[in-house]
Amino acid sequence: MSKEEIEHKKSAAQKVSTVGSFIAGAAAACIAVTFTNPIEVVKTRMQLQGELSGKSVQKTYKNPIQGLSVVFKNEGIKGLQKGLNCAYIYQIGLNGSRLGFYEPVRYQLNSLFFNSAIDPHKIQNPVINVASGTISGIIGAIVGSPLYLVKTRMQSYSSHIKIGQQTHYKSFIDGLTQIYKSEGGVLGLFKGVDAAILRTGAGSAVQLPIYNTAKNFLLKHDIMSEGTPLHLTASTISGLGVGIVMNPWDVILTRIYNQQGHSFYKGPIDCLKKTIKAEGILALYKGFGAQLFRIAPHTIMCLTFMEQTMKIVVSVENKLAA
């Protein structure tokens, strides 16, 4: 097979440059978060209600649908889209890295550990795939941590129903400024980054590996052919896996980010221990319904849109190289 034929058989993710991959991943994530931000607001508040108050606390937000209704009734559309501008910038940093660097990292690891005669793009090793997802996720978590910190506080704040510690920011710029001035400068902006690494590392370790494994399985066994239905199916399977693995760390991250200083928790492990002690182990799955309601469509849209944005970026790069 000629070099041109081999190149033609590569997917868009394998053809695109690292910069192009970052751009495609970021664009796909921003499109997805526009639709999923309202349920993110509900999820955040569900994870904070009853914080360290035992198991028999009356719930304001009882399930995702009822939660959306409560927020809309009291705060309108603006309430449902709290923190959206912050979420856009966060998604650029997080998913631009997590989705954009996954394939380049996987390529380099495969090149390092396997026979150079085999195309590294074609090697699907579960350990390498998980490691690649984890590494790219950790990069994204560090880059996006200050924005997620502000976003969490903006989404938890409500002048109507006060749950958790309430911090009001006029905008994400105001949030970053206030945190910088009152919570320790640059270190304050990266407060909770260890919890962010655990959360995003866990989610990223399974998101793309499950997606790629599901897609390859469906193609290999002729269950589905290449195209949007395949991408949607593989994304759905991936989204379910991510929700199950990530929710406990998501609860911990939300609580650490929402606290002022170290008023409740010293770090993620301390939060894990205190949460289980006060509320039971099932507290780690608070907001799980909302998590699935958010992460499944977000993953579906993000990965499906990424397939398309990758093709657009590859087309642009080819025209620029011509």
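## Asn-129, tucked into α7

Let's start with Asn-129, which you'll find in helix α7, the stretch covering residues 126–156. Keep in mind that you're looking at a predicted model. Is Asn-129 buried or exposed? With a relative accessible area of 2%, Asn-129 is buried, because anything under 20% gets that label.

So who are its neighbours? Leaving out residues up to four places away in sequence, Asn-129 touches Tyr-102, Arg-106, Gln-124 and Pro-209. With Gln-124 there's a polar contact too: the side chains of Asn-129 and Gln-124 meet at 3.0 Å.

## How α7 meets α11

Two packed helices are described by the angle between their axes and the distance between the axes. For α7 and helix α11 (residues 228–258), the angle is about 80° and the axes are 9 Å apart. Since 65 to 115 degrees counts as roughly perpendicular, α7 is roughly perpendicular to α11.

Want to find the contact on screen? On the α7 side, pick out Ser-145, Tyr-148, Leu-149, Thr-152, Arg-153 and Ser-156. They meet Asp-250, Leu-253, Thr-254, Tyr-257 and Asn-258 in α11. Sorted by class, the residues of this contact are 4 nonpolar, 5 polar and 2 charged.

## Ile-244, also on α11

Stay with helix α11 for a moment, as Ile-244 lies there. How accessible is Ile-244? Its relative accessibility is 49%, and exposed means over 50%, so Ile-244 counts as partly exposed.

Now for its partners. Not counting residues up to four places away in sequence, Ile-244 touches Tyr-285 and Phe-288. Take Phe-288: along the sequence, Ile-244 and Phe-288 are 44 residues apart, while in space their C-alpha atoms are 8.1 Å apart.

## Another crossing: α5 and α10

Next, look at helix α5 (residues 84–100) and helix α10 (residues 193–220). Their axes come within 11 Å and cross at roughly 50°. That angle falls between the roughly parallel range (under 35 degrees) and the roughly perpendicular one (65 to 115), which means α5 is oblique to α10. As for handedness, α5 passes α10 in a right-handed crossing.

Which residues meet here, between α5 and α10? From α5 come Tyr-90, Leu-94, Arg-98 and Leu-99. Facing them in α10 are Arg-199, Thr-200, Ser-204, Gln-207 and Leu-208. The class split for this contact is 4 nonpolar, 3 polar and 2 charged.

Definitions and conventions. Residues numbered from 1 in each chain as written. Predicted model: local features only at pLDDT ≥ 70, side-chain atom pairs only at ≥ 80, totals over all residues. Heavy atoms only, no water. Axes fitted to C-alpha atoms, helices over the stretch in contact; angles between N-to-C directions. Helix = DSSP H or I, 4+ residues; strand = E, 2+ residues; numbered from the N terminus. Parallel < 35°, antiparallel > 145°, perpendicular 65-115°, else oblique. Left-handed = near helix turned anticlockwise from the far one by under 90°. Contact = heavy atoms within 4.5 Å. Nonpolar A, V, L, I, M, F, W, Y, C, P; charged D, E, K, R; others polar. Buried < 20%, exposed > 50% of the residue type's maximum accessible area, 1.4 Å probe, protein only. Polar contact = N/O pair within 3.5 Å; in protein donor to acceptor, adjacent residues only side chain to side chain.
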